[in-house]
Amino acid sequence: MTARDEHALAVLFRQESGRLVASLTRFFGVGNLHLAEDVAQETLVAALETWSREFPPNPRAWLFHVAKNRARDVVRRQRVRRGNDDPVDPDDLAADPMREQDGDADVLRMMFSCCHPSLTEDTQTALILRLVCGFGTNEVALAFFSEPAAMEKRLVRAKKVLADEGRLFEPTLHDEARERAAAVMQAVYLMFDAGYHSAVAAEVVRLDVASEAIRLALLLANSRATTGPAAHALAALTCLHGARIPARSVAAGGNHTLVPLEEQNRAHWDAELMKLGMSHLSESASGAALTVFHLEAGIAAQHVVAASVEMTHWAEIVRLYDLLYAKKPTPVVALSRAIARSRIFGPESGLEEILGLEGRERLDAYPFYWAALGDLAIRQGKKDRAAEWLERGLACARTDAERDLFLRRIHSVAASKG
Amino acid sequence: MAKFMFLFRGGGITVQPPPPPAELGAHLAKWTAWVGGLVKAGHVEVGPPPLENGGMVVRGTSKTVTDGPYAEAKDLVSGIVVVTASSLAEAVELARGCPIYEYDGSVEVRPLREMHAGR
């Protein structure tokens, strides 16, 4: 028995819970989702009981075996209780058995089922976190900064939508699946976004949410039913952004503080994820499709291959932002493009462009808008102006990490004024 | 050296509703660390395997048989282990390291009587 890290086991339990729920749901039928969740939970409790003394060589196989036996017992008990007219006939179940090697396919079915068109994008993502990634209701609430009770209500309603559907969604059904696949990818994208931006998810779950999104994006890219240029681009995007996470936030005195791109220690970027991301990026170019994911992955790739901010290929990044803005004309994209342009044309023109952005007022509550203005003013040497803008950013910062970023900036501007 | 039985009651195994997966996993890590430490220091005797859920209770002169569970979750025996320690005080000290208290569990430390063959 080796000592095992608490976080590693927490992640293992979460992930295996998702796999068990998916496989058990297929076994019991989606109408018995609660039963699948109960049996998965009991299986993990059985593991807690047994593994402290003897850790199994193959934890996943152990869990699967125990869950399968318990599922059979449940059916047998139900059958005895109700007589032989039970709607769940064990003979039928034998034709559609729980097989460990079907785990990934079951997870895909569950992901597709969670993205039911009558649910909002956020709810789809929340449901995936709950059912596919094994997050507890409180953790899902933390991932969206919402109240646990409200989240519980939302999840219960969403599960009912799934159960009413009567069956799990088959990702191999062609036409319908193509449409649904877009929603599934969007849900994974939103999940990654929530995990990547500290303002969306609480610090305790943030990195786990991001790494789950990477895991699911890779699953979509590597599964026959879902692979394709868009899935590869999504995988590339999550890996290439994910690679920068270790340098992007550093622990300082019990707090996490955000480190802007130009101050990040590039040696701390995750080389494995970079490699994986680049390989998916090249696979994503196998067709004519150019999705938002392709463009965002392309931008992320330019950053990770650059040796420094100065040596970054800003012209290419601006070109990609132009294409992205055509597909996704949001003020945030326009802001990012203006920042990239300022690296070529200087802070003066950057400021001019940002202050002239269409829909600029919608950025008023966005702290990184003020951060961008402040940085450009610093580059111009206009410290009073910079301080004023950074104060505005501080006022609308949403987390301690963001507040810390602004405080450090304001402090360094004040110090340099002497 | 004397032998002691640790009777675990309640804890993460019996708590309702069960904690979410990540919490159970993190809790398990504490158990493996605690049990691992006891094993490494040579305190753990080979005992019975872990208990299954449920079972039956036979009670009274009429030998009535009833289904488990038998008690409130926090009183339910959730595990057994036999340890060796130099004294009751040391055994209690070992039991204090158990993570079961995180979920309102308890450890009953009972000295085992030494039996001498032939007497």
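B:Leu88 is partly exposed, with a relative accessible area of 43%, where buried means under 20% relative accessible area, exposed over 50% and partly exposed in between (1.4 Å probe, protein chains only). The residue belongs to helix 2 (residues 88-96) of chain B, helices (H or I, at least four residues) and strands (E, at least two) being DSSP runs numbered from the N terminus. Leaving aside residues up to four places away in sequence, B:Leu88 touches B:Phe4, B:Val109 and B:Pro111, contact being defined as heavy atoms within 4.5 Å. Of these partners, B:Val109 lies 21 residues from B:Leu88 along the chain, and the two C-alpha atoms are separated by 8.0 Å.

The model is predicted, so that local features need pLDDT of at least 70 and side-chain atom pairs count only at pLDDT 80 or more, whereas totals for chains, interfaces and linings use all residues. Residues are numbered from 1 along each chain as its sequence is written, chains are lettered from A and ligands numbered from 1 in the order in which they are written, and side-chain values use heavy atoms, with hydrogens and water left out.

**The interface**

The contact between the two chains draws on 24 residues from chain A and 26 residues from chain B. Chain A and chain B bury about 2,200 Å² between them, with carbon and sulfur atoms giving 70% of this area; buried area is the accessible area (1.4 Å probe) that two parts lose on being put together, summed over both. On the side of chain A, the residues A:Leu48, A:Glu49 and A:Arg53 supply 33% of the area that this chain buries against chain B, more than any other three residues. Zero salt bridges are found across the interface of chain A and chain B, a salt bridge being a side-chain nitrogen of Lys or Arg within 4 Å of a carboxyl oxygen of Asp or Glu.

**Salt bridges**

Over all chains the structure holds 34 salt bridges. Three pairs in chain A are set out below with their N to O distances.

| Acidic residue | Basic residue | N to O distance |
|---|---|---|
| A:Glu316 | A:Arg319 | 3.0 Å |
| A:Asp322 | A:Arg341 | 3.5 Å |
| A:Glu353 | A:Arg341 | 2.6 Å |

A:Glu316 and A:Arg319 both lie in helix 15 (residues 314-327) of chain A, three residues apart, which is about one turn of the helix, and A:Arg319 is partly exposed at a relative accessible area of 45%. The pair of A:Asp322 and A:Arg341 links distant parts of the chain, with A:Asp322 in helix 15 and A:Arg341 in helix 16 (residues 331-345) of chain A, 19 residues apart. Both partners count as partly exposed, A:Asp322 at 32% relative accessibility and A:Arg341 at 21%. A:Glu353, placed in helix 17 (residues 347-355) of chain A, likewise forms a pair with A:Arg341 that links distant parts of the chain, 12 residues apart. In addition, salt bridges that share partners join A:Arg26, A:Arg99, A:Asp102, A:Asp106, A:Arg109 and A:Glu170 into one network.

**Backbone geometry**

Most residues other than glycine have a negative phi, and most peptide bonds are trans. Against that background, the peptide bond from B:Gln16 to B:Pro17 is cis, with omega near -10°, and B:Pro17 sits in the loop between strand 1 (2-9) and helix 1 (21-40) of chain B. A:Phe145, which is not a glycine, has a positive phi near 50°; this residue is in the loop between helix 7 (137-143) and helix 8 (148-164) of chain A and is partly exposed, with a relative accessible area of 46%. B:Lys63 also has a positive phi, of about 50°, although it is not a glycine. The place of B:Lys63 is the loop between strand 2 (56-59) and strand 3 of chain B, and at 60% relative accessibility B:Lys63 counts as exposed.

**Cysteines**

A disulfide is taken as a pair of cysteine sulfur atoms within 2.5 Å, and by this rule the count over all chains is zero. A:Cys114 is in no disulfide, the nearest cysteine sulfur being that of A:Cys115 at 6.5 Å. A:Cys114 counts as buried at 0% relative accessibility, and B:Cys98 counts as buried at 4%.
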